[in-house]
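Biologist: I'd like to get a feel for how the parts of this protein fit together. Shall we go through it with a few questions?

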Amino acid sequence: MSSDPVTVADVGEFGLIARIRESLSTTGAVIVGPGDDAAEVTTGESVLITVDVLVEGRHFRRDWCSALDVGRRAAAASLADIAAMGGSSSAVVVGFGAPADLPASWAQQCAAGIAEECGRAGAALVGGDVTAADQVIVSVTAIGDPPETGAVLRSGAEPGDLLALHGRVGWAAAGLAVLSRGFRAPKVLVDAYRFPEIDYRQGARAASRGAHAMIDVSDGLVADARHIAEASGVAINLDPEALPVPEPIATAASAYNVDPREWMLTGGDDHALLAAFPGRKSIPKGWTSVGSVVRGDSPSAQ
């Protein structure tokens with residue numbers, strides 16, 4: 001038995017990942033290993049593969065989310081990672097754990113939600129495994145194809161690049177704040193927490209326009225910009241004023257005496273895409289310029 005007094009809580013999520021990465025070996029089949037939104041391996045032709053796990057009580061509550069919502073949310077977490085590599089998802093497999101008294105209909109609806117979200121990304125639910133667990137656990141592994149120009153990594157940002165965002169930020173965080181206070185409205189915010197709205201085509205679109213780096217915004221805009229900065233060895237200047245505050249977020253923030261930009265800069269689970277582009281002309285229509293890449297070693301908000 002290990003005598004190491006340091007716990008998982010002590011090192012944190014990213015510290016634990018870093019410790020595990022130090023002990024990993026690789027093979028010739030690995031093109032991109034741990035450290036990006038998805039790995040890239042080859043079995044003759046390269047594929048992207050990634051996994052996300054949702055645990056009841058930690059990532060969702062059954063009294064806040066329907067089974068369909070949980071399924072969509074679980075699938076989206078992995079499908080967005082494939083998009084963040086510039087890829088296109090083709091299939092997912094699912095690991096599902098549940099207590100013995102969980103209604104079978106709940107599990108069926110959860111699977112239906114996974115299949116529904118897969119359909120939005122052009123993928124299919126092709127199999128998985130079911131086991132007993134103390135609470136509901138949903139693990140979704142997504143598989144996809146990298147773009148012809150090669151997977152877009154977190155480590156490619158260069159000084160002079162412009163940072164652009166596609167998708168919503170702050171909506172899920174605002175929805176969580178509403179639910180945490182015992183309310184179910186504004187419904188548009190609660191729904192944003194229950195399941196994200198993602199255009200899965202945008203990752204491949206960014207890759208085709210020459211994006212140097214990209215990431216799925218799952219941990220918050222500032223945190224994920226920092227991931228790009230650290231991987232690329234650069235600094236990132238974010239401009240919060242470039243993000244207009246949507247009316248539902250502004251209204252909720254005013255009611256709770258919260259700065260709405262705190263949700264927009266630090267809230268996760270919306271699964272927007274953040275990418276570094278070589279110039280303004282390369283930013284696709286529908287993306288919002290939110291900052292720039294400069295020489296240095298840390299991101300900052302202006």
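Biologist: How many aromatic pairs does a search of the whole structure find?

Modeller: Keep in mind that this is a predicted model. Ring centres have to lie within 6.5 Å to pair. With that rule, searching the whole structure turns up two.

Biologist: Take tryptophan 64 and tyrosine 193: what kind of aromatic pair do they form?

Modeller: Their rings sit 6.1 Å apart, centre to centre, with 80° between the planes. Planes over 60 degrees apart count as edge-to-face. So this pair, with its 80°, is edge-to-face.

Biologist: And where in the chain is tyrosine 193?

Modeller: The pair links distant parts of the chain, 129 residues apart. Tryptophan 64 is in the loop between β3 and α2, while tyrosine 193 is in helix α5.

Biologist: Now phenylalanine 277, which pairs with tryptophan 287: is phenylalanine 277 buried or exposed?

Modeller: Anything under 20% relative accessible area counts as buried. Phenylalanine 277, in strand β10, has 0%, so phenylalanine 277 is buried.

Biologist: Let's switch to helices: how are α4 and α8 oriented to each other?

Modeller: They pack at an angle of about 40°, with their axes 10 Å apart. Angles under 35 degrees would count as roughly parallel, and 65 to 115 as roughly perpendicular. An angle of about 40° fits neither, so α4 and α8 are oblique.

Biologist: Which residues of α8 make the contact?

Modeller: On the α4 side, you'll find Trp171, Ala174, Ala177 and Val178. By class, the contact has seven nonpolar residues, no polar and no charged ones. From α8 come Pro248, Ile249 and Tyr256.

Key:
Residues are numbered from 1 along each chain as its sequence is written. This is a predicted model: local features need pLDDT of at least 70, side-chain atom pairs count only at pLDDT 80 or more; totals for chains, interfaces and linings use all residues. Side-chain values use heavy atoms; hydrogens and water are left out. Axes are lines fitted to C-alpha atoms, for helices over the stretch in contact, and angles run from 0 to 180 degrees between N-to-C directions. Helices (H or I, at least four residues) and strands (E, at least two) are DSSP runs, numbered from the N terminus. Angles under 35 degrees count as roughly parallel, over 145 as roughly antiparallel, 65 to 115 as roughly perpendicular and the rest as oblique. Contact means heavy atoms within 4.5 Å. Ala, Val, Leu, Ile, Met, Phe, Trp, Tyr, Cys and Pro count as nonpolar, Asp, Glu, Lys and Arg as charged, and the others, Gly among them, as polar. Rings of Phe, Tyr and Trp (its six-membered ring) pair if their centres lie within 6.5 Å; planes under 30 degrees apart count as stacked, over 60 as edge-to-face and the rest as tilted. Buried means under 20% relative accessible area, exposed over 50%, partly exposed in between (1.4 Å probe, protein chains only).
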